[in-house]
Amino acid sequence: MMESCNCFEPHWSADELLMKYQYISDFFIALAYFSIPLELIYFVKKSSVFPYRWVLVQFGAFIVLCGATHLINLWTFSMHTRTVEVVMTIAKVLTAVVSCATALMLVHIIPDLLSVKTRELFLKNKAAELDREMGLIRTQEETGRHVRMLTHEIRSTLDRHTILKTTLVELGRTLALEECALWMPTRTGLELQLSYTLHQQNPVGYTVPIHLPVINQVFGINRAVKISPNSPVARIRPVAGKYIPGEVVAVRVPLLHLSNFQINDWPELSTKRYALMVLMLPSDSARQWHVHELELVEVVADQVAVALSHAAILEESMRARDLLMEQNVALDLARREAETAIRARNDFLAVMNHEMRTPMHAIIALSSLLQETELTPEQRLMVETIMKSSNLLATLINDVLDLSRLEDGSLQLDDGTFNLHALFREVVNLIKPVASVKKLLLALNLAPDLPEYAVGDEKRLMQVILNIIGNAVKFSKDGSISVTAFVAKAEYLRDVKAPEFFPVPSDTHFYMRVQVKDSGSGISPQDLPKLFTTFAQNQAKSASRNSGGSGLGLAICKRFVNLMDGHIWVESKGLGKGCIATFIVKLGIPEQLKETKFLVMPKIPSSHVRSHFSGLKVLVMDENSVSRAVTKGLLLHLGCDVATVCSSSECLQAVSQEHRVVFMDVYVPGIDGYEMAVQIHKKFAKPHERPLIVALTGHADKVTKENYTGAGMDGVILKPISLEKMRMALSELLEHGLIFEAI
């Protein structure tokens, strides 16, 4: 029914409708063509960097012409004139020309456009790479921040356990670890022991052999190494249910102990030991280890090694400090005990010195008095033997006291100006009688350049020379003894046998070399090193039992020479070939030689010593009755008028202007000798009315003499006292008003 119905009839035919569609299309095409140039003009106006503006102008002209062609074509759909045909033709010709020119231009422009595109892609790639590098830098900065934070936390303490525990906690927090553990080597070094864990899921104390392949792999490289989650050192989580284990890395931690370090050297690599740090990512996680995380672990391991080494050094230093404190306490205790022992010994020696000299004083004094009486030859021989034995015992007492003071360092040299030539002549005069008895020729040779006066300890130097020459005479049966003294030149100062002796020449002092050569019994080579040892004698000496001696002489001489900044030695080619004793001492040069000659008071010659002191009133104060009686006997034998007292109070009451000399023992009860001398000075207002005060003592060192002189005493006599010594002391005292040296 609908086919038969003709309700709609079109106004145009199909051809007309087609023409209408073309007409409308050409209109819109022309409109579009004309709008595109406007947009290009706007683009060119706004763009200041586009390099192809003329191409855009040309392309705009091409589009305008195409649009004009389509617009003109609108009039060709109906009847049109020839003018329209001409215009249409011109437009199409121009369009063809411009389109061909544009196509040719595009052939040249397209490569440039492609290169621009290439540069654009290159810049995009560079930008992406820069973004990756910036991300890496940010990651490294983040890693560095974590490293600084971890380092600060690790090094905030020097306790080894705190360092290791803090390391695990901070690594677990920073890297979000499921577990972190530290395996430490055992004392034997054959196993690794699980010592620290992050969550303490496994019991501490579990051990594994240190020679496992996985451990050797980690210990053999200085980097973090990924290991299997099933390796023995990675089984630090409880097995509960099914799960996918996270990735595990391990890194070695060097353990450098203080004992690894050697003086002026680095620790040997073979002595290093390592701990093993194991780190585990969370289970059932797709997370993997990144490079920056591995670097963080490696840096932390190095920091832990440094912190542990510092902790080990601190522990060693603390132990050393404690040990040093213990040693200091022990040394201080030993020092106090030694000082107590030295004081006790000195007190004992002081008491024994006084107590031993008192009977010696009696023996020598009485023996010397006996020698002045009529004796049979047999009796005189006995008395002389008593005198020799007593003098030997007195010398031994002096040697023991000197040695004791030398050993504890309390002995000081008593330096002063003295006549050096006179000292040698006095020693020779003392030795000559003994040498004459043995028919020995004793020769003294003093070099012309040897100064007549010198500064030094005259008494100690005389003791050294007397001892050495006395030994030469004692152990020589026949032949000769020569004594040579000269100023040691540079070539004579050094001795190859004494490399520790370093003399230093100066304008204020000189070195004197003394050589004593004898033709005596000689010394065997094996005995030479023992000569200067206390209580030691060589075979030749010990074979001569009648020679006497205690073996202290050379030992004391050596110490005296050392105090004088010198050196002493003995040479011998063997038994029976004699020996040469040589010593070098340092002596001062007087500043004004002419003045020093007057300062050195010559001793009274023996020919000028008075033999009798008739009418000389003397007061003797001594607490010991025997010593008091002996001293009185000596003075009575010399013709003195003697009064005796036994205490300081009696002495102060008894002393008067009639007494010329007061002999007092300084070791008396009550007021000591120094105060006693002061009280006597106070008792007599005028100096010429005061008697001369002489101390009788067992000590006559420099300090003692200075103390006596400061207290106002006029002289010191060293016990024991013989008749000859008392005679010389009184002669010098009355001649000069004082005794210059302890007799």
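Axes here are lines fitted to C-alpha atoms, for helices over the stretch in contact. Keep that in mind as you work through this predicted model.

**Exercise 1.** Work out at what angle helix 14 and helix 18 pack, and which residues make the contact.

*Solution.* Start by finding the two helices: helix 14 covers residues 625-637, and helix 18 covers residues 723-736. Two packed helices are described by the angle between their axes and the distance between the axes. For this pair, the angle is about 65° and the axes lie 10 Å apart. Next comes the handedness: helix 14 passes helix 18 in a right-handed crossing. Now pick out the residues that touch. Helix 14 brings Thr631, Leu634, Leu635 and His637, while helix 18 brings Leu723, Met726 and Leu730. Finally, sort them by class: five are nonpolar, two are polar and none is charged.

**Exercise 2.** Find out how strand 10 pairs with strand 8 and with strand 11: parallel or antiparallel?

*Solution.* Go to strand 10, residues 480-487. Look first at strand 8 (residues 441-446), which pairs with strand 10 in the parallel sense over six bridges. As a checkpoint, alanine 443 sits opposite serine 482 of strand 10. Then turn to strand 11 (residues 509-518): seven bridges join strand 10 to strand 11, and these two run antiparallel. Here your checkpoint is alanine 485, whose bridge partner in strand 11 is valine 514.

**Exercise 3.** Locate stretches where pLDDT stays under 50.

*Solution.* Begin with the whole protein: its mean pLDDT is 76, and 70% of its residues reach 70 or more. Then scan for low values. Residues 538-550 stay under 50, and the model gives them 25 contacts beyond four places in sequence. Residues 594-602 also stay under 50, with ten such contacts.

Methods:
Residues numbered from 1 in each chain as written. Predicted model: local features only at pLDDT ≥ 70, side-chain atom pairs only at ≥ 80, totals over all residues. Heavy atoms only, no water. Axes fitted to C-alpha atoms, helices over the stretch in contact; angles between N-to-C directions. Helix = DSSP H or I, 4+ residues; strand = E, 2+ residues; numbered from the N terminus. Left-handed = near helix turned anticlockwise from the far one by under 90°. Contact = heavy atoms within 4.5 Å. Nonpolar A, V, L, I, M, F, W, Y, C, P; charged D, E, K, R; others polar. Pairing = 2+ DSSP bridges. pLDDT = per-residue confidence, 0-100.
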